[in-house]
Amino acid sequence: MSIVLCGICPHPPIMIPWIGQMESEKVKETQYAMVELAGRIKDSGADTVVIISPHAPIFQDVVGINMKPVLKGDFDKFGAGYLRYELENDLPLVAEIKKQAAGLDLQVLELNDDVERRYGLSLDLDHGVTVPLFFMEEIGVVLPLVHVAMSVAPPEQLYRFGLAVRQASEVLGRKVALLASGDLSHCLTADAPGGYNKRGEEFDLELKRLLEAADLEGIVGMDQALVREAGECGYRSIVMMLGALDGYDVRSRVLFYEGPFGVGYLVATLDPVSENPQKSLLAKLQGKKQAEMEMLRSHESYLTGLARKTLENHLSGSPRPQAGDVPEEFKKRAGVFVSIKKQGNLRGCIGTIEPQQDSIVEEVMANAISAGLGDPRFQPVRHEELEDLVYSVDVLQPPEPIQGLGELDPAKYGVIVRSGHRSGLLLPNLEGIETPEEQVEIARQKAGIGPHEEVRLERFEVVRYK
C-alpha cells in the first residue's frame, strides 16, 4: 500500500522549547510522543508527507490545497522567527489528489497566488504544519510536503479525502505519510481557551477509545453534538485522514494523551496491515445514503418533487416536467421560495415575495432553476450533484404590516424589511435564527439597508413543503 503511515499530532507552539520555555516542560511526554511519531515517519520510507491542518484557509464544502511550488513557514508570530521551514511542494501528487477527489464527488480548491490576493489569505505554512515539521526536522526527516486545509463539510464527505490521497499515491507510486494535525477539546478546565464544558473530556476519552480500537466507523459516526460542544479543532482532520485506511485492517496505537493547559493533546499512529473489503466504511456510507435518499424521494411532497424534477430536467437538457393533476390550491398565485441543501448545508435559495408567474406551480418551476443556477452565493449546481440534493418549498401567505419587533416570532413568522425601493426578506424557522433582532438585522443586510435607516416591517407565515 502506498500509504505507509497515518498519524495524529497536536500542534501547540508552546510545546517547542524555544517558544514555551519553562511551560514546555509541562508537555514533556507529548514531546517524546511527537519524536516517536517523527521516527516512525522516517522508518516508514515515505517519499512525501501530507499534512491536514485546521489552521490553513478553511472552506465549507471544498478542500483547499496549497499550490505554492515552495512551501514556507516560520514561528515569527510566536516570537521565534528564526525557526523557518522551506520545503518542496509535491505538485504532481496534488494534481492527482484533485483528480481522484473529483471521482469521489469531493471538490478540491487550488490555493494559489490569485486566491491568496483575491481573498486576503496567507498561504504560509501555519502552526498546524510547522509544529510537526519541527519534530520531524529534529531527527532529520525532510521530505516534500503537501499542505492541506481541513474542510468543514459533513464527516461522510470528508472521509473521501483520505481515500483520494491513497488512490493518488497508488497511481504515482508514491510512499506517503498522511498526518492529521489538530488538538482535541479546548474546554477541559475552567481556565481553558474555550472555558469549561464537561463534554470536552467526554469527547476526548471517547475519541481516544475509538482510536485504540481502530474503530473508524465509530469515529466517523460520532455524535456531532458532542463534537461541537467539545470545542475541538482536530476531529475533521482526523476523519479526512481515516479515509486512506478504508477497506484495510488497521493497527493503531495512541502514543500519548494529556491536557495540561485545558486542551487535549493526542499523538497516535495508524498503520494499514492488510486489505479487508469488509472494513470498507465508504461502501456502507454510500449504501446508507442511497437508502436515505430513496426514502426521502418516496415521501416528497408534490411541490418539492416538482422543484427537483424541474432542475434535474433543466440540467439534462430535457423539457420542463409536466405538472400533471395540479391540486386546486396550487393553481392560485403566491410568492414562493425554493431552498436546496446538500448534506445539510444550504446549496441555493431563491424566491419571490410577490408572485411573478400565473400559478404557484409555475412559480416553483421558475424558482427551482434560479435556486440551482442563479444564487450568487454559490457556484451553479452541477449535474453530478443532483442525487445528493434535498429540496423544500415555502409558499408565502399574504404579509401584514407590524409596528415593531414585539410582533415577530422567528419560529412562526418570516419578516420583510422595506426602505424606499429596497426590501429584504427572511423566512421563518431558520436554523441559528432565534431572536427578532437577528431576523431583522439579516433581512436589512440582504437588502443593503443600514442599521440606523428607518424601515417598515411586515410579517408573514409560510406553508412549508418537504
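This report walks through the pockets, cysteines and salt bridges of a predicted model.

## The largest pocket

Let's start with the empty space. Rolling a probe the size of a water molecule over the atoms shows where such space is left. Here, the largest pocket holds about 1,200 Å³. Its lining is made up of 40 residues, and if you want to centre a view on it, S339, K341, G344, L346 and L430 are the ones that lie nearest the middle.

Several secondary-structure elements chip in with at least two lining residues each: helices 9 (224-230), 11 (281-298) and 14 (436-447), plus strands 11 (336-342), 12 (345-351), 13 (389-396) and 16 (422-426). Strand 12 is the top contributor, giving five residues to this lining. Chemically, the wall is a mix, with 17 nonpolar, 11 polar and 12 charged residues.

## The second largest pocket

Next comes the second largest pocket, with about 740 Å³ of space. It has 28 lining residues, and the ones nearest its centre are F59, D61, V62, Q107 and Q379.

Strand 6 (108-111), helix 4 (113-119) and strand 12 each put at least two residues into this lining. Strand 12 therefore turns up in the walls of both pockets, given the definition of strands used here. In the second largest pocket, though, helix 4 has the largest share, with four residues. By class, this lining splits into 12 nonpolar, seven polar and nine charged residues.

## Cysteines without partners

How many disulfides does a search of the whole structure find? The count is zero. Take C9: the nearest cysteine sulfur belongs to C233 and sits 11 Å away, and C9 is in no disulfide. C9 is also buried, at 0% relative accessibility.

C187 tells a similar story. Its closest cysteine sulfur is in C233, and because the gap is 11 Å, the two are too far apart for a bond; the cut-off for a disulfide is 2.5 Å. C187 counts as buried too, at 7% relative accessibility.

## Salt bridges along helix 7

Side chains of opposite charge can pair when their charged atoms come close. This structure has 30 salt bridges, and helix 7 (residues 198-212) is a handy place to look at a couple of them.

One joins E202 to R199, at 3.3 Å from N to O. These two are three residues apart in helix 7, so about one helical turn separates them. E202 is partly exposed, with 39% relative accessible area, while R199 is buried at 19%.

The other links E212 with K208, at 2.9 Å from N to O. They are four residues apart in helix 7, again about one turn of the helix. Both ends are partly exposed: E212 has 43% relative accessibility and K208 has 23%.

## A bridge across the sequence, and a network

What does E453 form a salt bridge with? The partner is R422, and the closest N and O atoms are 2.5 Å apart. E453 sits in the loop between helix 14 and strand 17 (456-460), whereas R422 is in strand 16, so this pair ties together parts that are 31 residues apart in sequence. E453 is partly exposed, at 30% relative accessible area, and R422 is partly exposed as well, at 24%.

Finally, some salt bridges share partners: K342, R347, R382, E384 and E385 are joined that way into one network.

Technical notes
Residues are numbered from 1 along each chain as its sequence is written. This is a predicted model: local features need pLDDT of at least 70, side-chain atom pairs count only at pLDDT 80 or more; totals for chains, interfaces and linings use all residues. Side-chain values use heavy atoms; hydrogens and water are left out. On a 1 Å grid over the protein atoms alone, a cavity is a set of points where a 1.4 Å probe fits but cannot get out, and a pocket is an open set with protein on both sides within 12 Å along at least five of seven lines; lining residues have an atom within 4 Å of a point. Grid points are joined across faces, edges and corners, and a volume is the space filled by probe spheres set on the points. Ala, Val, Leu, Ile, Met, Phe, Trp, Tyr, Cys and Pro count as nonpolar, Asp, Glu, Lys and Arg as charged, and the others, Gly among them, as polar. Buried means under 20% relative accessible area, exposed over 50%, partly exposed in between (1.4 Å probe, protein chains only). A salt bridge is a side-chain nitrogen of Lys or Arg within 4 Å of a carboxyl oxygen of Asp or Glu.
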